[in-house]
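Colleague: Before I plan any bench work, could you take me through the ligand surroundings and the sheet?

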Amino acid sequence: MVLKGKKILLGISGSIAAYKIPILVRLLMKEGADVQVIMTPAARDFVTPLTLSTLSKRPVFTEPFNPVDGSWNSHVDMGNWADLMLIAPASATTLAKMANGIADNLLITTYLAAVCPVFFAPAMDLDMFQHPATQRNIQTLQSYGNHLIAPRDGELASGLCGAGRLEEPDAIVGVIRKFFEVPQSLAGKKVLITAGPTVEPIDPVRFISNHSSGKMGYALAAEAVKRGAEVVLISGPVALEVPKGLTLRKVTSAQDMLQACTEEFESSHVVVMAAAVADYRPDKAETSKIKKTGHKPVLQLTENPDIIKTLASMRLAGQFIVGFALETDDEVQNAMKKIDSKGLDAIVLNSLNDRGAGFGTDTNKVTMIHRSGSSLITKLESKEVIASRVFDFIQESFDL
Ligand code: PMT
């Protein structure tokens with residue numbers, strides 16, 4: 001089931017077509033989706049929150065906070081949580097507010113905060129739908145990358161006939177299902193992915209490491225599995241659920257990671273290194289805990305092997321090697337230099353100057369740079385969506 005476990009934010013606005021939404025919720029739930037309903041105040045005149053919360057098994061939100069206990073229904077948290085936001089029915093007013101960023105209710109603030117793909121299914125009377133204002137708002141939303149689920153022609157609540165009927169719930173579910181269906185475009189290919197930090201011991205108690213959570217690498221691995229690849233994920237220590245359908249090799253230090261990568265490399269078609277490998281390790285890991293002496297301790301460091309550069313030097317025909325770069329200054333120039341110095345086919349640059357990008361976050365914003373110099377910049381999106389953009393880029397660039 002394609003929708004199993006998919007987190008769907010369902011925004012309902014004020015239109016008589018809202019009476020169809022309990023059926024839509026029921027269908028999404030039957031497919032295994034996790035549905036969070038948000039209603040505009042006007043939507044509550046057409047369908048009850050009780051019906052929707054019973055069917056979705058979650059509280060339904062209209063207000064930014066709970067008036068009884070003051071708890072916050074965070075539009076930012078919901079916008080980051082969802083894999084997809086669907087606004088159905090989208091009334092003329094809601095379309096206008098979405099298009100112009102008029103954030104005067106929870107549905108619109110959540111829409112503006114959402115980092116996931118957004119679908120909207122308008123429903124209104126035919127003249128309202130055909131009005132230039134509505135048509136212009138729809139075009140504006142499409143120019144933002146939002147997906148229109150066009151209304152049907154037919155009998156409307158007013159008794160008139162024409163375009164404006166909300167698409168039927170089963171057809172809406174079909175559109176969403178199709179969106180999540182991923183072609184098995186990497187079937188028969190082996191993809192090697194690294195993720196997380198490396199940990200370099202100082203003594204049995206202390207270590208040198210970095211802030212990588214592994215989220216970006218794990219999202220890449222899950223995406224490669226979805227596309228039908230045989231995936232080996234080589235991961236430094238992280239606290240993440242392991243995606244199903246792949247081989248996980250846990251490592252600790254950069255030297256362990258190099259060893260595991262070297263063993264897997266020859267049979268791999270694509271290598272994507274999202275791990276944050278420590279550039280240095282202590283000269284010597286003490287076997288006993290270092291005691292305080294009252295003097296300033298001196299820690300001698302040795303440079304770690306450059307794993308991706310080592311792999312690139314052993315490259316076989318037809319292998320594609322993609323690095324990640326985390327930069328803070330002269331980002332693009334530094335990333336381009338890494339393509340050359342490490343012998344890469346492409347690099348995915350994320351900058352610590354972009355809020356919500358890089359270490360630890362659930363979102364990222366990247367510039368994907370091909371060795372030819374051509375590049376593609378993404379918006380700030382969930383790491384899952386970025387992972388799919390990275391594989392689209394790799395597959396298009398290298399005709400895979
Ligand atoms: O794990 P998250 O919290 O989700 O964060 C994701 C991330 C920010 C760690 C990830 O998106 C990222 O940018 N990973 C690479 C970070 C990094 O180490 O960049 P770098 O510029 O130092 O290294 C460039 C490339 O060389 C990387 O592909 C790296 O894996 C590789 N490298 C670096 C050093 C080394 N000794 N060996 C390597 O192979």
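Modeller: Ala, Val, Leu, Ile, Met, Phe, Trp, Tyr, Cys and Pro count as nonpolar, Asp, Glu, Lys and Arg as charged, and the others, Gly among them, as polar. This is a predicted model, in which local features need pLDDT of at least 70 and side-chain atom pairs pLDDT 80 or more, while totals for chains, interfaces and linings use all residues. Residues are numbered from 1 along each chain as its sequence is written, and side-chain values use heavy atoms, with hydrogens and water left out.

Colleague: By class, how many residues of the shell around the ligand are nonpolar?

Modeller: A residue is near the ligand if one of its heavy atoms lies within 4 Å of it. By class, the shell has six charged and seven polar residues, and its nonpolar residues number 13.

Colleague: Which residue has a polar backbone atom 2.8 Å from an oxygen atom of the ligand?

Modeller: A polar contact is a pair of N or O atoms within 3.5 Å. A nitrogen atom of the ligand lies 2.9 Å from a polar backbone atom of A274, whereas the oxygen atom at 2.8 Å faces a polar backbone atom of M216.

Colleague: Which strands stand at the edges of the sheet?

Modeller: Strands here are DSSP runs of E with at least two residues, numbered from the N terminus, and two strands pair if DSSP finds at least two bridges between them. Five strands form an open sheet with parallel pairing, in the order β2-β1-β3-β4-β5. Each edge strand has a single partner, so one side of each is left without a neighbour in the sheet, and these strands are β2 (34-39) and β5 (147-148).

Key:
A polar contact is a pair of N or O atoms within 3.5 Å; within protein, one must be able to donate a hydrogen and the other to accept it, and residues adjacent in sequence count only if both atoms are side-chain atoms. Helices (H or I, at least four residues) and strands (E, at least two) are DSSP runs, numbered from the N terminus.
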